[in-house]
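This briefing takes up three topics in turn: a helix and its burial, a pocket and its lining, and a patch on the surface. Please keep the sequence and the model to hand while reading.

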Amino acid sequence: MERKKRLLTKNLDPRKRRLHHIRVAATTVLVILLLLIAGCFGIGEYLVLFAVGPSEIMGNVNLDPGNTGGDGEKTVVDENREKFKELKEDWLSGMTIEDVSIQSDDGLNLKGFYYPAKGESHDYALLLHGYRDTHKGMENFAYVYNTYMNFNCLLPDMRACGESEGKYVGMGYLDSKDVADWVDYIVTQDAQARILISGVSMGGATTMMVSDLELPDNVVCFIEDCGYTSVWDIFEHELDFLFHLPAFPLLYVASAISSLQVGYSFTEASSLDALSRCEKPMLFIHGKEDDFVSYSMLDKVYAAKTKGVKEELSVDGAGHACSYLQDPELYFTTVHDFLEENFFVD
């Protein structure tokens with residue numbers, strides 16, 4: 001009886017009760033923190049798959065909507081898109097397209113499509129498509145370059161897009177190294193080649209990111225259209241726009257996962273860093289109504305290039321990747337004038 005009384009007294013000891021409560025609270029907090037961390041990693045893993053994962057898993061999700069017109073009414077963009085479609089189909093009917101391929105540094109088979117100039121030409125346009133698109137997205141540009149400026153055009157399917165192998169979308173960072181390999185392929189085929197590298201959206205970011213790599217003198221200049229400042233910036237925008245979520249902590253976790261699994265973090269995949277070392281001429285183009293890759297990014301990428309020739313074109317009323325459709329005459333006149341001054345020179 002006396003022993004039971006002592007045990008009850010011990011159990012009722014205030015100091016020990018406090019310690020017990022502290023241990024329970026600490027354990028609860030630790031469990032909650034571990035669950036939150038696990039949740040962040042789970043969501044981060046999903047975000048990586050959603051943004052750059054294989055299309056067969058994510059259903060070919062496309063975050064790059066372009067300009068789809070408004071309220072069911074046919075816009076200038078719609079009308080010009082139809083015109084280009086007719087012109088392109090007529091051009092393609094007389095074109096013999098050659099399938100070509102290279103192997104990337106990490107062993108992927110990358111496919112490209114070669115559209116030869118009608119007459120002898122050592123001028124090449126290496127044209128880079130946008131996010132989760134294929135080379136087909138650049139055929140309107142190839143039509144113009146090939147028909148009116150006598151360029152041989154090479155249109156790659158970027159890694160993990162179209163017919164090219166790859167588990168993850170390169171977002172310009174991995175693609176820039178692939179583009180350098182495509183440059184080597186062209187030069188191997190034609191030692192006298194003079195090469196223009198040009199891309200739209202992710203292809204524009206790729207153009208900027210490749211501009212500071214060690215490229216042969218055969219590469220003369222660049223044209224980028226609505227490329228983003230960095231992968232971090234564009235994903236931060238989409239995280240807020242699509243999911244209404246802040247960058248911290250999810251984007252930080254996703255970036256770390258991407259660094260380990262994909263081969264690049266979202267911050268190191270930066271157009272701004274590359275442009276600071278670019279010395280060759282570059283034309284920057286952006287639509288003023290672009291709400292996917294914000295028009296404000298134009299000022300940032302333009303300012304980042306501090307060496308060599310640079311020009312810019314802003315297109316009124318143009319949404320994402322639609323500047324050439326909003327005002328084709330202004331767009332291609334500007335492109336032609338830029339090339340006259342920086343490409344077609346002795």
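**Burial, a pocket and a surface patch**

Helix H7 (residues 202-210) is largely enclosed by the rest of the structure, because 9 of its 9 residues are buried. The model is a predicted one, and the points below are grouped by topic.

**Helix H7**

- The buried residues of H7 are Met-202, Gly-203, Gly-204, Ala-205 and Thr-206, followed by Thr-207, Met-208, Met-209 and Val-210.

**The second largest pocket**

- The second largest pocket holds about 180 Å³ of space, and its lining is made up of Asn-80, Lys-83, Phe-84, Leu-87, Tyr-143, Val-144, Tyr-148, Met-149, Pro-328, Phe-332 and His-336.
- Two or more residues of this lining are given by each of helix H4 (76-93), helix H5 (139-149) and helix H13 (328-342).
- By residue class, the lining of the second largest pocket divides into 8 nonpolar, 2 polar and 1 charged.

**The nonpolar surface patch**

- Tyr-46, Phe-241, Leu-242, Phe-243 and Leu-245 together make a nonpolar surface patch of about 460 Å².
- Helix H8 (residues 231-243) gives the largest share of the nonpolar patch, with 3 residues.
- Leu-245, one of the patch residues, lies in the loop between H8 and helix H9 (250-261).
- Leu-245 has a relative accessible area of 32% and is therefore partly exposed, a class that lies between buried, under 20%, and exposed, over 50%.

Notes
Residues numbered from 1 in each chain as written. Predicted model: local features only at pLDDT ≥ 70, side-chain atom pairs only at ≥ 80, totals over all residues. Heavy atoms only, no water. Patch = residues over 30% accessible without salt bridge, like charges linked within 9 Å, V, L, I, M, F, W, Y side chains within 5 Å. Areas by Shrake-Rupley, 256 points an atom, 1.4 Å probe, with all protein chains shown as cover. Salt bridge = Lys/Arg side-chain N within 4 Å of Asp/Glu carboxyl O. Helix = DSSP H or I, 4+ residues; strand = E, 2+ residues; numbered from the N terminus. Buried < 20%, exposed > 50% of the residue type's maximum accessible area, 1.4 Å probe, protein only. 1 Å grid on protein atoms, 1.4 Å probe; cavity = no way out; pocket = protein on both sides within 12 Å on 5 of 7 lines; lining within 4 Å. Points joined across faces, edges and corners; volume = space filled by probe spheres on them. Nonpolar A, V, L, I, M, F, W, Y, C, P; charged D, E, K, R; others polar.
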